[in-house]
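Student: I'd like a close look at one small part of this model, and then a sense of where it sits in the whole. Please keep it informal.

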Amino acid sequence: MRFFRPLLLAGFLLLTAALRAQDNWVAFPQEQTAENLWSLAYGNHTLVVAGEHGTILSYSYVDQAWLPRYSATSAWLVGAGFGAGRFIVVGDQGTILTSDDDGVTWTPRASGTTTRLNSVAYGNGRWLIVGEQGSVLTSTDGTIWSARPSLGTGFLRALAFGQGQFLLGGAGGALYSTTDASAFTRIAIDTTADIEGAAISAAHFWVVGSGGVRAVATQLGTWKISVPYASPTLRGVAVRNTDEASAIGVSYADTFLLTPTPGWYGYTNFPRFLATAVVQGENEMVCVGFDGRVARSQMKSPVVMLADTGNYSTYGSDVHLRVVSGQPLVSVQWTHAGTALPGATQAALTIPRVGPADAGYYEAVVTTSTITTPTKLAAYTLRPIPGGRAEVRDPTFDPFLPVIPSLAVFQPDGKILIAGSFTLPTGLGPLTGLARLNVNGSLDAGFRLSGGIPSTQAVKAFHVLADGRIYVRGTFTSLGGLPRAGLARLLGDGTVDPTFVPDPVLTFLGGSALAPDGKLYVHNLVATPLAGDNPSVGILRVNPDGSRDPSFPLTPADALVGVDAQGRVLLTRSTPSSGLADSEQRLLRFRSDGSPDPSYTSFITSYYPSWAGSILNVTYLSPQGLYYSANYTGGHFGNVRAFSRLAPEGGPDPGYTSPPSSKYPVMSAFSFGYRSDGGLWQMRDTDGIGQTNRAYSYAPDGQPETGRYATLPDYSFYYILSAAAPDGSLLAFSYNAPSESRVNVFRVRPLVGRVGRLTNLSVRAYVASAADPLIAGFVTTGTGSTSAIVRGIGPSLTQFGVTDAMRDPSLTLVRDGLNQITSDDWSSTLVPRFSAVGAFPLAPGSKDAALEAPIGPGNYSAVVSPSAGESGTALVELFDSTASAAPTRRFVNVSARAQTAPDRPLIVGFSITGEVPVTVLIRGIGPALTGFGVPGALADPKLTLYRNSTALWESIGRPFTDPYTPEIEPDAAALRTGAFALKPGSKDSAMVVSLPPGSYSAVVSSVSNTSGAALIEVYEVP
């Protein structure tokens, strides 16, 4: 358990700084422990440090104080990480601990292994842990962990995330990368040293290890390895989110600085102790080591730091920058591409709803109490990328809330009841704990609960009656200054209804439901039973005056699930399980008189304690049945779908299609919003594992509804806060706050326009002869037949600077290899049609070819060849003349094959129209063509995607998936679209991206500037 120690007797540390001036290291005093410290992580203005004998410390940059934390373990804690608002530490005997409150409290999690776990990191919406014996664990939420096949028998210790991928390293030079923790690629590196530390900056990959090895690469597999200055084991490395990566290390009494060109030299200004780990803290670098020692770098000048996001930011998201300085700031002026931004003279800068125009270099020009000459700080380069769904947040809804409400419920009039730990200032005094918002999100001044509710006491439920009165259930003891033990009724103006006084027998444990007749059912502990009752836990019915309704007898239950439209009560109850030592929990239904309903098909919800976990984690009782989710699969009873629906009379609903269980391993109460029509709205990440979120909608039968709702993904988690409003809107929130003083609560409205679709397809390539024409393929699906404009352009390309344009192209349109329509020239009668579809005009009398033809479902080829046999560059275009009508027929594929040369790439253009972006598979094929008998295939295709003239993504070799908006991997997308499979390890290029409406072009060229035959394909991924 201590074999790290011999490797560290030389005591080596490696870390980076954003500015060369950051080289003054000092002790970071803390007197909480003398234990050896092995790891640390930074997040949310907090440092968490872990070490031997279960030691955990936290440091708050806000309070500037160290505090010891109770870990409930004596295990050796080796690794720490932060992501998605959660800290995780790992260590010996398979220990995993998580904290969701900035390191204050820690919860042990089952790892399923006793192997030592060495490192933990978060990225792409998932957690990854590596450990001894090549062990790899992954989790979407940090709570439930799954083991992946081990990567050999040696240890893994290095782990980092950046540039959309994880980098893993270990014994004997083992090095791997992965984007999804499922497929791991071995990375070549010319060393057999043990890889002990890894880091990824905006432009570099860094690894360090035994024997003093230290290597840097701008592309994985192409490493520059430094000649060791000394030979201790290099334990850790950390970088700032900047393209200028400097690094510092310490060995014995020496320190080393790694400059961007890498070169090492000694530097001795460092507290001398055995250092084990390093991380970027808040405007400083921090390292820890033996005997409880901590060191920090002191900034000698201000720096630019990112508040909420990385260099890559999705279209429409907000980017927050700020100047952080150890010296008082006198002046600040932000610039973009060298130009001063008007009014941007504060320490913080928000770039709202970024788009292509916001790309580029941002600098802060500052003066301080000691820097009197305006000085440019290290800058931030913003690279906006297209998002995965259109932004449909309601712009008229703009609440100003200091915290995210713990509860929000729409009233029938569209107003929103909210509760939480907040105090809202008003002209009549503060509102505490409970309020109502108007339809536009402003505070409803006509709703006022005098005296409020203590913010430390929770409201658990609102039930709105038809006359506007409101039942409130929670853990409070008073409401509006009146004694109310957990239950009260408010009038429509928010004052306490004095005619409703809860019966003293009601001592609530939780659970309430409103019946159609307005009576309230509660799950209750009867502390003082009425005559004939025994003290018990069960369901009671409450009269309109607050008294207990004796016509509904106490009905024993574990939980109250709901009351259906006929007034029947659904509950869960534990009973002994036949043949098992455990108990089983069943879903049962009772009539309004309290008698069991034998017509209802009972349903097992869980077996416990050994098979703990109820399927009723997320429930909604609608006329269509009861929705439920599972938090387990397998066991005695086979796999349980993670989300499904019971029929109105009980039992699984055979007419409901459940989402795939692999997509939803665990549901939370914030996963789904329910609509009055029985449909669902779900906020989930793009591949079902947790980071970049989108909104998806499902019809009452469970089938996906294309484009009903949408949100713009960014670097935040999105959660649903309420079920649907009467107009179909839903309330949601994220932790990506637009400012320091408010939270991001928003309303998402249903899409009412067209869904996203491919339109206006084009292919440009060089045609060497009539024997080798330009052939563009198009595939359409759906029903119906409409017209389309097809053009073969040659001479008119000269107006766009094409000097080798084909002089006289001939165009032939072929459907399913049989029906043909040919055009050698074009008719002036098509001029109005060109204008209608947005095609550029052709010069009168030009030798370009064009035709209008009916297009229905099928496979089409547009063939352009030279009429006179000469070579030249040609363009094939297909315009959907009915795109605005949203027909059921749609283009789903365009492809083309042609010869490429260094100055003659193969280009496909396409547009996406509608309101909802489209996920597409784009491939640049070269080597795979040899399997189809194509001679002279391009050996090393490079695929680049452009939006207008801005390069978005590049793929050299495969696979490549947009790490911010992935649906599926390219291989899986190929299987789904029917594209032929690519061989493992081929140099063909592919990418899966989700693109919002706009104009795009995909370009296939050669990495080595050679020539060859290439195929380009664009598929709409269903």
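**Zooming in on one sheet**

Tutor: Start with a cross-strand pair: Y59 stands opposite W66 in β6. Bear in mind that this is a predicted model, with local features needing pLDDT of at least 70 and side-chain atom pairs pLDDT 80 or more, while totals for chains, interfaces and linings use all residues. Numbering runs from 1 along each chain as its sequence is written, and side-chain values use heavy atoms, leaving out hydrogens and water.

Y59 belongs to β5 (residues 56–60), and this strand pairs with β6 over five bridges in the antiparallel sense. (Strands are DSSP E runs of at least two residues, helices H or I runs of at least four, numbered from the N terminus; pairing takes at least two DSSP bridges.) Widen the view and you get an open, antiparallel sheet of four strands, ordered β3-β4-β5-β6. Its edges are β3 (37–43) and β6 (65–69); each has a single partner strand, so one side of each has no neighbour in the sheet. From one strand to the next, the twist averages 20 degrees (axes are lines fitted to C-alpha atoms, with angles from 0 to 180 degrees between N-to-C directions).

For comparison, look further along the chain. Three strands, in the order β40-β41-β44, make another open sheet with antiparallel pairing. Here β40 (459–464) and β44 (487–490) are the edge strands, so each, with its single partner, has one side left without a neighbour in the sheet. The average twist between successive strands is 20 degrees here. Four bridges tie β41 (residues 470–474) to β44, and V472 faces A488 of β44 across that pairing.

Loops deserve a glance too. N124 sits between β11 (117–123) and β12 (126–131). N124 has 16% relative accessibility, so this residue counts as buried (under 20%; exposed is over 50%, partly exposed in between, 1.4 Å probe, protein chains only). Its side chain makes a polar contact (N or O atoms within 3.5 Å, one able to donate a hydrogen and the other to accept it) with the backbone oxygen of G164 at 3.0 Å. The side chain of N124 also reaches the backbone oxygen of T179, at 2.9 Å.

Finally, the whole chain: three helices and 79 strands. Of its 1022 residues, 58% are buried. Take contacts (heavy atoms within 4.5 Å) between residues at least 6 apart in sequence: 58% of them link residues at least 24 apart.
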